[in-house]
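I opened this entry to keep track of what I looked up, and in what order. The topics are the helix contact, the DNA strands and the ligands.

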Protein chains: 2
Amino acid sequence: MPVKKIPETTISRLFLYLRKVTELSKLSMKRVSSAELGESLNLGAAQVRKDLGYFGQFGVSGSGYVVTELKEKLSKILSKHKTFNVAIVGTGHLGSALLAYSGFEKQGLNLVAAFDTDVNKIGKQLQGVEIESVSDMKDIIKEKKILLGIIAVPAKGAQDVADILTNAGVKCILNFAPKHLNVPEEVKVRDVDLSRELEMLSYFLGNGKKVKL
Amino acid sequence: MPVKKIPETTISRLFLYLRKVTELSKLSMKRVSSAELGESLNLGAAQVRKDLGYFGQFGVSGSGYVVTELKEKLSKILSKHKTFNVAIVGTGHLGSALLAYSGFEKQGLNLVAAFDTDVNKIGKQLQGVEIESVSDMKDIIKEKKILLGIIAVPAKGAQDVADILTNAGVKCILNFAPKHLNVPEEVKVRDVDLSRELEMLSYFLGNGKKVKL
DNA sequence: ATATTGTTGTGATTTTTTTCACAGATTTCG
DNA sequence: CGAAATCTGTGAAAAAAATCACAACAATAT
Ligand SMILES: NC(=O)c1ccc[n+]([C@@H]2O[C@H](COP(=O)([O-])OP(=O)(O)OC[C@H]3O[C@@H](n4cnc5c(N)ncnc54)[C@H](O)[C@@H]3O)[C@@H](O)[C@H]2O)c1
Ligand SMILES: NC(=O)c1ccc[n+]([C@@H]2O[C@H](COP(=O)([O-])OP(=O)(O)OC[C@H]3O[C@@H](n4cnc5c(N)ncnc54)[C@H](O)[C@@H]3O)[C@@H](O)[C@H]2O)c1
């Protein structure tokens, strides 16, 4: 099979296309061109076509893409038909916010477990999920077949949590702690560094283009 | 001045170097080499040197970088000595979590205003900040000289909020809504798309490397 | 002193990603 | 039906970013 390597940026954009095309299908739009798809996301038409092109050719020369069909294919490519169990570790401000978010379920991501070290939180319910002790984490993760973990604990504890997670068989981690995690290479980590996002912006505020040293 | 264009990825990494070097300085480490700096972030030594190189030469051949000096320079480059006023729009789950986060103040980012449309929330205090009506937003932003806005409202309202913010003079926006924002070109937007981050991971879970169509 | 070792700064090279540009397919219109 | 207009798919070109590789220099050892 001619498996060209697909850029991660492409995958990332695929989700945007899927969102858009889902909207369009709700509006009963029949077809859409690469230009239209890219427009509101400001991406060039060529970019859109190249991205889609990695997965075969499902456009129609002269008339664009059939909305329902594209939606179907994208869903398949992006594993939207599957569901996964997700655990959240750290039920502080951020962890609670994530637990409360209803959008994940719609995307096939079920937050089925929450862990913390705080004895005052353990045993309590949050959005219908019981907060359990990190010391039981390994067993529960195996038991519930959880493959995806979200780390929302302070930087100090993040590596420990990551170790337990990977040890228990978790294959992907979304990490909110401002700390690089060392994990086995088959485990995929994505970092969301909110402080850094804001800092980046303050950098632009502070010295726009020019940097004087 | 020879202003080579500096990649945004470089700026982003600079914050990591600053964090690391701040840690090292607390441990009273005197010097650090590019290799050491990169190690725990898994970045190559060459990458580190190139990044730093954009801002002049502050390393010492043969012995690396002087920790305190590097820390100082990075702080300066990254505008760490300045402070900025920040407004948060949308005081739901996510907005509240951000308001509660104490780390921002330490970074010179003061969350001085919070806005919502929900009449049940307006007037209440959250972390010492009063939640105010979006209809007063423009005036308050000008009054408090707020240059940075955080959008934590549902996708539906995001563009409207962005319009008001930019209209009031905000120069940077951190956007959590899963929606591309149209803003004047001098305004800098960074998107944090949490759903997409998780979706990306589920993509990897779903079909690892191979994609069958 | 001189050799040896370690490390920076940076031009050159490679890799990755985006953009261009156009042949070929499809639809529309007169 | 044939001409004109519209699009895709993709190789080629360009741009951006990461990596390599090495001269120049500093510290240390002999
Ligand atoms: N909240 C924000 O807006 C924000 C902004 C930037 C970065 N972050 C980062 O996100 C992470 C979470 O932030 P937060 O504001 O939710 O923190 P928080 O302090 O509100 O919550 C942390 C939670 O983790 C629990 N915890 C601590 N150590 C643990 C461990 N080893 N195992 C399991 N649970 C543990 C604590 O009991 C607490 O409930 C932190 O790393 C923080 O730096 C958060
Ligand atoms: N919470 C999460 O974990 C999570 C995950 C993924 C994405 N998001 C995105 O982040 C954003 C915020 O999420 P949330 O969970 O905090 O939502 P939420 O529903 O908890 O809060 C939204 C808040 O915004 C207010 N609001 C609505 N329209 C407004 C307007 N036009 N102006 C000002 N305020 C307005 C509401 O009154 C509410 O207080 C959403 O766009 C959501 O899609 C959140």
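The notes below go through the helix contact, then each DNA strand, then each ligand.

**Ground rules**

I am working with a predicted model, in which local features need pLDDT of at least 70, side-chain atom pairs count only at pLDDT 80 or more, and totals for chains, interfaces and linings use all residues. Residues are numbered from 1 along each chain as its sequence is written, chains are lettered from A and ligands numbered from 1 in the order in which they are written, and side-chain values use heavy atoms, with hydrogens and water left out.

**Helix 5 against helix 5**

I looked up how helix 5 (residues 93–100) of chain A sits against helix 5 (residues 93–100) of chain B: the angle is about 180 degrees and the axes are 9 Å apart. Axes here are lines fitted to C-alpha atoms, for helices over the stretch in contact, and angles run from 0 to 180 degrees between N-to-C directions. Helices are DSSP runs (H or I, at least four residues), numbered from the N terminus. The two helices are therefore roughly antiparallel, a label for angles over 145 degrees.

I then listed the contact residues (heavy atoms within 4.5 Å). Chain A gives H93(A), L94(A), A97(A) and A100(A), and chain B gives H93(B), L94(B), A97(B) and A100(B). By class, this contact has 6 nonpolar, 2 polar and no charged residues. For the classes, Ala, Val, Leu, Ile, Met, Phe, Trp, Tyr, Cys and Pro count as nonpolar, Asp, Glu, Lys and Arg as charged, and the others, Gly among them, as polar.

**DNA strand C**

Which residues come nearest to DNA strand C? I found S61(A), S34(B), R49(B), G59(B) and Y65(B), out of 25 residues around the strand. A residue is taken as near if one of its heavy atoms lies within 4 Å. Of the strand C atoms within 4 Å of the protein, 62% belong to sugar or phosphate and the rest to bases.

Next I noted polar contacts (pairs of N or O atoms within 3.5 Å). G59(B) has a polar backbone atom 2.8 Å from a phosphate oxygen of strand C. A side-chain polar atom of Q47(A) is 3.5 Å from a sugar or linking oxygen of strand C. On the base side, a backbone N or O atom of G62(B) is 3.1 Å from a base oxygen of strand C. Two or more residues each come from helix 1 (8–26) and helix 3 (45–53) of chain A and from helix 3 (45–53) of chain B. Helix 3 of chain A has the largest share of this surface, 4 residues. I recorded the classes as 6 nonpolar, 13 polar and 6 charged.

**DNA strand D**

I repeated the search for DNA strand D, which has 22 residues around it; S34(A), R49(A), G59(A), Y65(A) and S61(B) come nearest. Again I read 62% sugar or phosphate among the strand D atoms within 4 Å of the protein, the rest being bases. A polar side-chain atom of Y65(A) is 2.9 Å from a phosphate oxygen of strand D. Bases of strand D are reached too: a base oxygen is 3.1 Å from a backbone N or O atom of G62(A), and a base oxygen is 3.2 Å from a side-chain N or O atom of K50(B). Helix 3 of chain B gives the most to this surface, with 4 residues. The classes come to 6 nonpolar, 11 polar and 5 charged.

**Ligand 1**

Ligand 1 has 25 residues around it, and H93(A), L94(A), D116(A), K121(A) and V153(A) come nearest. I marked the site as shared between chains because residues from chains A and B surround ligand 1. K121(A) puts a polar side-chain atom 2.6 Å from a ligand 1 oxygen. From chain B, a polar side-chain atom of Y101(B) is 3.2 Å from an oxygen of ligand 1. Taken alone, ligand 1 exposes 820 Å², of which the protein buries 84%; areas come from the Shrake-Rupley method with a 1.4 Å probe. The shell has 16 nonpolar, 6 polar and 3 charged residues.

**Ligand 2**

I placed ligand 2 between chains A and B. H93(B), L94(B), D116(B), K121(B) and V153(B) come nearest among its 25 surrounding residues. A polar backbone atom of H93(B) is 3.0 Å from an oxygen of ligand 2, and a polar side-chain atom of Y101(A) is 3.3 Å from an oxygen of ligand 2. A nitrogen of ligand 2 is 3.5 Å from a polar backbone atom of T117(B). For ligand 2 alone I noted 820 Å² exposed, with 84% of that buried by the protein.

Key: Parallel < 35°, antiparallel > 145°, perpendicular 65-115°, else oblique. Polar contact = N/O pair within 3.5 Å; in protein donor to acceptor, adjacent residues only side chain to side chain.
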